[in-house]
Amino acid sequence: MIRSVITGTGSALPRTCVTNADLAERVDTSDEWIVERTGIRQRYIAQEDETTSSLATEAARAALETAGVDASEIGLIILATATPDHTFPATATQVQAALGCGGGVAFDVQAVCSGFLYALATADSLLRTGMATKALVIGSETFSRILDWEDRTTCVLFGDGAGAVVLEAQNVAEDGPGILSSRLHADGQHKDMLYVDGGPSTTGTVGHLRMRGREVFRHAVVNLAEVLREVLGDAGRDAGDIDWVVPHQANARILDATARKLDLPAEKVVVTVDRHANTSAASVPLALDTAVRDGRIKRGDLVMLEAMGGGFTWGASLVRM
Ligand code: ACO
């Protein structure tokens, strides 16, 4: 059977690390409050010369290198972001140009923190229908550009970064590698809980992120537990079969609560929120690359990727590495 197989991962972070103590000099907060409520200790913040496309390009190059794939072989680039370089063209096309892989398909996906899951499921569908044979799926964000740095309830939660995977259509055996099942969801009724108060068609400005954290937290735990059960059911597996969960890194308490709901041991959950904070669409591929490079996630492991974000949007994919 034809499956989409992850053959390489890569990631990139801005040069500048900002600790909670650094933030406490700018807004009325403390390292203690941030660590206790979120698990975040530091985040990376892009300087002027670091953009969503430059971070994405660096992550993509690293993924291509680990996959042993040349940029010229890539026929599809899907980039998930809510912070594109420009309103248009799609940031994916800028990455395509920077990598020097012309001629294929390149577009952006906008599903905020779930963007990488949306991009992965879309690329999987396109690969399995023969639109391309090798794809780059990227999550890249510079959320620091849309934060209200006077609002302590949101500015401490986010960071910048990028992650990428090379996805290849391969003919594999039933128990072979590849994406086994994916589910995506959206519910547009809750826009006011998490949104940006600007945009080209409304204010004509970029705007700032606004969030009602407590309500988002409640929805996240319920929705994520549900979608994980759906994806496991589709693949005929149960939670005990999972080797690693790579969740969207929003908040350590959401990760703990979701794992508890599914009876998943905490040791199986990849956590990078302490180092990277919430990097929105970049967080899942960034965490995946971290755990692949430090040797935790190995070939043959069964890995659950999951995320929930603004919209609300949420989704999950079960992948045999
Ligand atoms: N430093 C110090 N005090 C703060 C800070 C801060 N940075 N931010 C808020 N506070 C204060 C509040 O003003 C409030 O004070 P008050 O009681 O005097 O009014 C108090 O801390 C408690 O505020 P709450 O908002 O009730 O705190 P809560 O325990 O809900 O934690 C948090 C807030 C961390 C945002 C939590 O609700 C959360 O994690 N929500 C999930 C949202 C999230 O992670 N979103 C990411 C995007 S969506 C996604 O990725 C899934």
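When you look for what lines the largest cavity in this structure, start with α8: it gives the most to that lining, with three residues. Keep in mind that this is a predicted model. Beyond the cavity, there are two open sheets to get to know, one of four strands and one of five strands. There's also a ligand with 24 residues around it, plus a few spots where the backbone does something worth a look.

**The cavity**

- The count comes to one cavity of 30 Å³ or more, and the volume of the largest cavity is about 50 Å³.
- Two elements give two or more residues to its lining, namely β11 (244-247) and α8 (252-261).
- If you want to find the lining in the model, look for Leu228, Val245, Pro247, Leu255, Thr258, Ala259, Leu264, Val269 and Glu306.
- Sorted by class, that lining has seven nonpolar residues, one polar and one charged.

**The four-strand sheet**

- Reading across this open sheet, the strands come in the order β8-β13-β12-β11, and their pairing is mixed.
- β8 (178-186) and β11 sit at the edges with a single partner strand each, so one side of each has no neighbour in the sheet.
- On average, neighbouring strands here are turned by 10° against each other, direction ignored.
- Inside the sheet, β12 (residues 302-309) and β13 (residues 313-320) run antiparallel and are joined by eight bridges.
- For a handy landmark in that pair, find Gly309, which stands opposite Thr313 in β13.
- The loop between β12 and β13 holds Phe312, and the peptide bond from Gly311 to Phe312 is cis, with omega near -10°.

**The five-strand sheet**

- This one is also an open sheet with mixed pairing, and its order is β1-β7-β6-β4-β5.
- The edge strands are β1 (2-12) and β5 (105-109); each has a single partner strand, so one side of each is left without a neighbour in the sheet.
- Here, neighbouring strands are turned by 20° against each other on average, direction ignored.
- β1 pairs with β7 (residues 160-171) in the antiparallel sense, over 10 bridges.
- One place to see that pairing is Arg3, whose bridge partner in β7 is Gln170.

**Around the ligand**

- Of the 24 residues around the ligand, the ones that come nearest are Thr29, Arg37, Arg152, His248 and Asn251.
- Asn251 has an N or O atom in its side chain that is 2.3 Å from an oxygen atom of the ligand.
- Arg214 places a polar side-chain atom 3.0 Å from an oxygen atom of the ligand.
- For Asn278, a polar side-chain atom lies 3.2 Å from an oxygen atom of the ligand.

**Backbone details in other loops**

- Phe88 and Pro89 are joined by a cis peptide bond, with omega at about 5°; Pro89 lies in the loop between β4 (76-80) and α4 (91-99).
- Val112 isn't a glycine, yet its phi is positive, near 50°. You'll find Val112 in the loop between β5 and α5 (115-128).
- Asp263 is another non-glycine residue with a positive phi, about 60°. Look for Asp263 in the loop between α8 and α9 (273-276).

Key:
Residues are numbered from 1 along each chain as its sequence is written. This is a predicted model: local features need pLDDT of at least 70, side-chain atom pairs count only at pLDDT 80 or more; totals for chains, interfaces and linings use all residues. Side-chain values use heavy atoms; hydrogens and water are left out. On a 1 Å grid over the protein atoms alone, a cavity is a set of points where a 1.4 Å probe fits but cannot get out, and a pocket is an open set with protein on both sides within 12 Å along at least five of seven lines; lining residues have an atom within 4 Å of a point. Grid points are joined across faces, edges and corners, and a volume is the space filled by probe spheres set on the points. Ala, Val, Leu, Ile, Met, Phe, Trp, Tyr, Cys and Pro count as nonpolar, Asp, Glu, Lys and Arg as charged, and the others, Gly among them, as polar. Two strands pair if DSSP finds at least two bridges between them. Axes are lines fitted to C-alpha atoms, for helices over the stretch in contact, and angles run from 0 to 180 degrees between N-to-C directions. A residue is near a molecule or strand if one of its heavy atoms lies within 4 Å of it. A polar contact is a pair of N or O atoms within 3.5 Å; within protein, one must be able to donate a hydrogen and the other to accept it, and residues adjacent in sequence count only if both atoms are side-chain atoms.
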